Amino acid sequence: MRVERSQSPTEQVTSILNEAAVAPDENTKLDLLLKAKEVLVYQDPKLLPQFINDVIAYQNDHSSTIRKFVVAFIEECCNKEKSNVCVTLPNLLMLIKDRSLIVQKRVVQAASNIYRAGLQWISVIDLPSSDLSNVWQDLSSLKSNIINMIDNDNEGIRTQVIKFMETVILVQTYKSEGGIDRENDMSLEDIPLTLKVTRRRRLEDEARVMFDLLSRFCHSSNVGCANLMTCIGSLTLIAKFRVSFIGKVLIALETLTKNIPSSLTQSQSNSVQKNLKLQLLSLLRLPASTEHQQTIGKLLLDIGASNQEIMKALQVLSKNEDGKKLLRSLKRKNDDVDDKKTDKDEIPEKKRCTDGTLVSDTNINMVKSWVLEHFSSESITNLIMTFMPKLPSKMPSAFETNYTPISAAGTDCHKQYVAKLLATLLCSSDVVIPDLKYIKQDDDELVDGIKEETLKMEEEDILLAQPAELNLKNCHIDPIEAEELSLDALLRILETSKIIKSKQLREIHTKVITKMAVICSDDFRNTILDWICLNLTKHMNLGLSWLYEEYSVNQGFIKLPTAFRNSLSAEQNYNTVLCALIRAALNGLDSKEKEDALTMLYFESPFITDDAVDILKEICSKHAFGLVILNELVSKRPPRQLVYLNALLFYTSHKDEQLREMALNFISKLYKNKDLKNIIEEYATFYLGFLRLQIPPDVLFGHETGRLVKSELWDEDSTTACLYLYFMLMTDNYELIHELAAVFTHAPGEVKRSIIKLLPQPIQNMSMNSPELFRLLEDMPKGAETMITRVLHIVTEKGKLLFFISSIYSFLGLCKFLFFSIVKGKLSV
């Protein structure tokens, strides 16, 4: 392509993109796009916002090479200008699901820089919360999609996912004093506390969960050599830049040294150990690793590092006191080894396991062969039962610290290892084994043969120094049988709660069960739930712990891998457990225990769902203590106060007098709360408004209200159901009489008669000089004369009637109708 010198950069880029659109082959198109990138990103970045979408549009090209270029272009654009992150994130979310594994791998590789740039950008930019929230949601989706690819079949993609997780952990954790500092190293300190879309604590918790996931991946039995070495490098890098993780990293590496995956070949295992040694030596040179030098030195010796290599690495810290101590310790160890080698021939031989013949240490292998010949199930059982009483009552701390479970127990290699241990013990004692043949010192051939056998056995014992993992390929268990065995094991774990006395162990036991309940299958969940419900009073703490674990998952405090999620959402899982516990308490306990259990569940559960509130309404219909719980929830659980208040108000119109009076009593106390006063009045007015209708509404009937038969006409029962709450509030607030008069004018005849009949109850203590009474007469609704007349009859006494009417007349100047009707009615009395 020839570009005219007179062309401006804009025309030049336009021309290049036009030619790329009609390029005949993939290579030509790629060359043109590379030229466009050179101009846009490096020569004239001001043109980038104008043409960025034109270049990214090639993400739909049929060629995977072009799509891979688009990913690289997006990465360089975001590195050049961080604001491009918000433009390119939707495209990356599409490319992460590309059909080509090469493109997916390139997206994961670019995501490390893009995620860091995006987080830096939203930390400094001033945008509306909604826009920032959208960008952060896209960043979180990208992060979630990549982390879920940790189990991808492609080893290259898994490697890049590990590097991405390393970046996220470094970005979402705090720097520590003593770690390596590099230019442009982002950490949690760079994220402002005022950022609304996320919080530092949540990011840090997510990073720690991701670190645990990375550690578990490192210990996986099926991890490949390349992935394992990448994982080791990432863990070491995290320890260097975030020294607060050094302890956890060393624990992970120590576990790895003892459990190198059995899927690796011998050459791969050697490569892993060599890489592990290099990484540990680099950690040893780190100034912040002073407190862990003894542990690192032990690990290095275990994987075959020489003392000279360790001391050479420590030379940079020779001025440090702890470094000097370690050097002196290693030097003493070397001196002791040299002394043992020098004086080996001077050590007197002991009497060994034959009839008094002095023999050399090579007899260990003969005794080992003799032990193997006598190995049987019966002999091992007798040996264990004989020495069982001699075991200490408490596990020694040294054993508890150093013991590593041997997953290859029972194999031939393990039997050889145990036989050698027993042979060593026998040969170091004075035990006589008569049927063993003697070894003559001058029998050189026999001695040489035994030495060769010894070397061979030592090579085999190297494999037993690290416990092998179970080879799942050799396990052929029927899935149904495996499920039954796992459920039986779960029941045994649950039953161990009966024998646990220590508070600390009980907490661990509860934590283990709740974790299994959250991450395991529905069968496990149902088994645990049934076991809790068998004795809910005793297992209440376990049930509440489970609820809090589910709530943490629902709120995002705990992140579950995709493989551990069932078909229900986290909110549905929580609701299922809560409702099941409530129904178990309702149906399986006696009266007193039922009340205590339900009270505890509703008061101590982290969140009360709508379904749980509906169950509580059912409880209120049968048990009075349900209303007590509702009333306490209104006062003690403000976040959903209105839901509980609405449920309590519902029972103010119940047909059952005991429930209704209790609910009205609670509401009368809550009515004094200024925050709830208007809400209660609105509810009472809403029910009063039903009286305007020609037929009673359906809400007044049903099993919940106690009125099982629906009435098509207003009667006294349905009318009073709408007036109970309103009349109770009127005794404290006479302003409500105006709304009552307005409703009275439009009410059916039967409703009016019921109102007139019940009217004395709320206004019997109303004063004759009440401002609300005078305002009612001044603004008298048309059609409410009968009700107002009844009000005047109630609030006035016979002796004061004429005085009261004259005061009204002088106040209003008109009330002929009322005057003559009242006088006529009173005088007739």
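**Exercise 1. State which residues of helix α22 are buried, what they pack against, and how the length of α22 compares with expectation.**

Solution. Step 1: in α22, the buried residues are His509, Thr510, Ile513, Thr514, Met516, Ala517 and Val518. Buried means under 20% relative accessible area, exposed means over 50%, and partly exposed lies in between (1.4 Å probe, protein chains only). Helices (H or I, at least four residues) and strands (E, at least two) are DSSP runs, numbered from the N terminus. The model is predicted: local features need pLDDT of at least 70, side-chain atom pairs count only at pLDDT 80 or more, and totals for chains, interfaces and linings use all residues. Residues are numbered from 1 along each chain as its sequence is written, and side-chain values use heavy atoms, with hydrogens and water left out.

Step 2: the buried residues of α22 pack against α21 (479–495), α23 (522–534) and α24 (540–555). Contact means heavy atoms within 4.5 Å.

Step 3: α22 (residues 503–519) has 17 residues, which should span 24 Å at 1.5 Å a residue; the end C-alpha atoms are 25 Å apart, so the two values agree. The expected span of a helix is 1.5 Å times one less than its number of residues.

**Exercise 2. Do the same for helix α12.**

Solution. Step 1: α12 (residues 266–284) has 19 residues. From its first C-alpha to its last it reaches 27 Å, close to the 27 Å expected at 1.5 Å a residue.

Step 2: buried residues in α12 include Ser269, Val272, Asn275 and Lys277, and the list also holds Leu280, Leu281, Leu283 and Leu284.

Step 3: the partners of the buried residues of α12 are α10, α11, α13 (293–302) and α14 (307–313).

**Exercise 3. Describe the packing of α10 with α11.**

Solution. Step 1: helix α10 (residues 225–241) and helix α11 (residues 246–258) pack at an angle of about 155°, and their axes are 8 Å apart. This makes α10 roughly antiparallel to α11. Axes are lines fitted to C-alpha atoms, for helices over the stretch in contact, and angles run from 0 to 180 degrees between N-to-C directions. Angles under 35 degrees count as roughly parallel, over 145 as roughly antiparallel, 65 to 115 as roughly perpendicular and the rest as oblique.

Step 2: the crossing of α10 and α11 is left-handed, a term used if the near helix is turned anticlockwise from the far one by less than a right angle, with right-handed used if clockwise.

Step 3: from α10, the residues Leu228, Ile232, Leu235, Thr236 and Ala239 meet Ile246, Val249, Ala252, Leu253 and Leu256 of α11. By class, the residues of this contact are nine nonpolar, one polar and no charged. Ala, Val, Leu, Ile, Met, Phe, Trp, Tyr, Cys and Pro count as nonpolar, Asp, Glu, Lys and Arg as charged, and the others, Gly among them, as polar.

Step 4: threonine 230 also lies in α10. Its relative accessibility is 18%, so threonine 230 counts as buried. Neighbours within four places in sequence aside, threonine 230 is in contact with Thr159, Ile162 and Lys163.

**Exercise 4. Describe the packing of α33 with α37.**

Solution. Step 1: between α33 (residues 737–746) and α37 (residues 785–795) the angle is about 140°, and the axes are 9 Å apart. α33 is therefore oblique to α37.

Step 2: Ile737, Leu740, Ala741 and Phe744 of α33 make the contact with Thr786, Met787 and Val791 of α37. These residues divide into six nonpolar, one polar and no charged.

**Exercise 5. Is isoleucine 169 buried or exposed, and what does it touch?**

Solution. Step 1: isoleucine 169 is in helix α8 (residues 155–171). With 0% relative accessibility, isoleucine 169 counts as buried.

Step 2: arginine 208 is 39 residues from isoleucine 169 along the chain, and their C-alpha atoms are separated by 7.3 Å.

Step 3: not counting residues up to four places away in sequence, isoleucine 169 touches Ala207, Met210, Phe211, Leu214 and Ile238.

**Exercise 6. Place leucine 422 and list its contacts.**

Solution. Step 1: leucine 422 is found in helix α19 (residues 412–427). Its relative accessible area is 26%, so leucine 422 is partly exposed.

Step 2: leucine 422 touches Val371 and Phe375, residues up to four places away in sequence not being counted.
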